[in-house]
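Hi,

Here is the structure I promised to pass on. Have a look at it first, and then read my notes underneath.

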Amino acid sequence: MSRDEALASKILAARPSVRLWRTDLTGLIAWRNLAHDRMRLAVTVIGIAFATLLTGIQLGMLVNFTHTTANLVDHGGADLWIAAHGIKTVDLATPLEERRRFQALATEGVASAEPYLLNFGIWKKPNGVRETIFVVGVEPDALMGLPWNLVDGLKPRDALLTPDGVIVDTLYAKKLGVDRIGQTFEINDHRVRVVGFTKGVRTFTQSPYVFTSLRKARSVAVSLRNPDKAITYVPIRVAPGAPVETVRARLAAHMPDVDVMTTPEFSSRSSNYWLFSTGAGLTIVSSSILALFVGVVIAAQTLYASTMDRLPEYATLRAMGGSRSYLYRIVITQALIGGAIGYVFGMAGVLTVVWLSREASAPPEAPLWLILGIGGVMEAMCVLASIISLRKITKINPTEVFR
Amino acid sequence: MNGPRAPVIRAVGVGHVFGTGETAFTALHAIDLDIRGGEVLLLMGPSGSGKTTLLHILGALLTPTSGEVFLREKPIAQLSEEERGALRLKRFGFIFQSYNLFPMLTATENVLVAFDLARADLREGREKARALLRQVGLGEKLDAFPNAMSGGQKQRVAIARALAGDPEILMADEPTAALDAQGGLGAMELFRRLAHEQGRAVVIVTHDPRILSLADRIVRIEDGWIVNTPEAS
């Protein structure tokens, strides 16, 4: 007996250990299956990456839209909003009687109720070019509805106390022709002066929000019938400890001819209007689904071809006594690995686009839940794509390997 | 491990019919056959004679339409597909004509798969896989991929894989068909050692006349009938 054979006999004589939980070779086989045919792997990865990229950007846009369509509501700091009956979205504001504010203040549980005016305006640049804007008017001492993310210029209260003072966003500065603090422009032929900059106060309609005092907003609101008393909303903060829903019900009972909404309600109403009533949301969601479908078809096709190539080996495993679940694990793991690689490349593309467009007025967003969610969906889609291959494996006849 | 042995497999009145009605084809007619440990048995016959069908039935890959197969006196013909799979894993080793190795796995990994199917510890399994490969003379090719091996070497990997579960019965389908004369004789010598030194039953389906002299027994099948079972000289 040679030394090799003696060693072999000793090792083989040992009793094999069998464990209930153990790592197995299915992952290795799955990976080698993928890596063995690099062209097919490349097609799979490109397909999944492309689907991830398209889905990520589309859903990122959707997230951005849901934020920008309700920016003023979400950042208003109010618990409740009173608006004209039938209001569709915050940007399409219609006038409200000022007495609504006083009626609100007289309601039990209301701590503060403030006047808020949102109105279209025409911004005139020094060169005579005009831009449509939203003029947002709030009291200088307001608790709610103030501009946020101020990055330059006066503080909100000081800015709103400054005669003719307006605050614009840096993202729209170029569009409005603003280079620096102190520049003067006209809104509806009334002189205004830039006294502060915000950053990231985006608008869905691409008409920038320009914050100013309620007094100035009213003075430029030439289109309104009674501009001196004009308001469009009453943001409300409830008293500490008062249930928001209870106060909302009281206000609604007190003023049945207006809409009283919580901030989340008003926010979703504003988003839903743009996203679904206009078809914008449907377009985004359907193109995301289409991208997923394309990815699934590509993954399914390449996975199926790979499985067909390996049928003799899979039949061999069955003949040797391997269970179907062992073969399923190989195919599903193969799908998951291909999906994961494609997802990493695709998501890298999404994050690159997000980063490059960070200064744009309507950039896609990629919050962590969306990044992880798309990963989960992609992996689920890849497993779905493996179903045809699994059906093929289910029908494997182990005697075929002898032919 | 020499001397007379009790049958490992006993086929009693085994028949098999493919299809039904007018298209029915009888592949095997009431076959009676004992296979003993420690012997190399050749199943021979012309194409379509039923020898491969018999191998399938003896190897628990196919259920006979009549008769019974006993493994160590326990009937196995009517076991479920999953039960037969578990039985094959523990008691049988298969060697295929075209080897059917995973091309993207090394020799060691190809053998390790068999340990993996049996849920053995992979670290121990790897050592055993290497030991088996050394035992079949592939100590130099442990980490080689199949495309870097000759036909004979692939055959030996397939044999090592078949031995991984320490099976009582080895079943080989045309194991020498793709090998040259020297390789074929080498494979047969290995089968003889596995039978005679380790007491395994080795059943080989073959057309190859070069290996007749190395068999312990030859079973000739024609048109689904056993025509004679001479002891080889």
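A quick definition before anything else: a residue is called buried when its relative accessible area is under 20%, exposed when that area is over 50%, and partly exposed in between. Please also keep in mind that this is a predicted model.

With that cut-off, start at helix 1 of chain B, residues 51-58. How many of its eight residues are buried? Seven of them are, so the helix is largely enclosed by the rest of the structure. The buried ones are K51(B), T53(B), L54(B), L55(B), H56(B), I57(B) and L58(B). Just past the end of this helix, A60(B) has a positive phi of about 60 degrees.

Two other residues caught my eye for their backbone angles. N149(A) is not a glycine, yet its phi is positive, at about 55 degrees. You'll find N149(A) in the loop that runs between strand 4 (130-138) and strand 5 (150-153) of chain A. Its relative accessible area is 45%, so N149(A) counts as partly exposed. Over in chain B, R72(B) isn't a glycine either and has a positive phi of about 50 degrees. R72(B) sits in the loop between strand 4 (66-71) and strand 5 (74-75) of chain B, and with 40% relative accessibility it is partly exposed.

Now for the empty space. There are five cavities of 30 Å³ or more in the structure, and the largest of them holds about 100 Å³. What lines the largest cavity? From chain A there is M320(A), and from chain B there are R88(B), L89(B), F92(B), G93(B), F94(B), A114(B), R161(B), A162(B), A164(B) and G165(B). By type, that lining splits into seven nonpolar, two polar and two charged residues. Helix 2 (81-91), strand 6 (92-95) and helix 5 (151-163) of chain B each give at least two residues to it, with strand 6 making the largest share at three residues.

Last, the surface. Chain A carries a nonpolar patch of about 550 Å², made by F50(A), L54(A), L290(A), F293(A), V294(A) and V297(A). Helix 3 (38-68) and helix 11 (280-309) of chain A each supply at least two of the patch residues, and helix 11 has the largest share, with four. One of the patch residues to click on is F293(A), which lies in helix 11. F293(A) has a relative accessible area of 54%, so it counts as exposed.

Cheers

Methods:
Residues numbered from 1 in each chain as written. Chains lettered and ligands numbered in written order. Predicted model: local features only at pLDDT ≥ 70, side-chain atom pairs only at ≥ 80, totals over all residues. Heavy atoms only, no water. 1 Å grid on protein atoms, 1.4 Å probe; cavity = no way out; pocket = protein on both sides within 12 Å on 5 of 7 lines; lining within 4 Å. Points joined across faces, edges and corners; volume = space filled by probe spheres on them. Nonpolar A, V, L, I, M, F, W, Y, C, P; charged D, E, K, R; others polar. Patch = residues over 30% accessible without salt bridge, like charges linked within 9 Å, V, L, I, M, F, W, Y side chains within 5 Å. Areas by Shrake-Rupley, 256 points an atom, 1.4 Å probe, with all protein chains shown as cover. Salt bridge = Lys/Arg side-chain N within 4 Å of Asp/Glu carboxyl O. Buried < 20%, exposed > 50% of the residue type's maximum accessible area, 1.4 Å probe, protein only.
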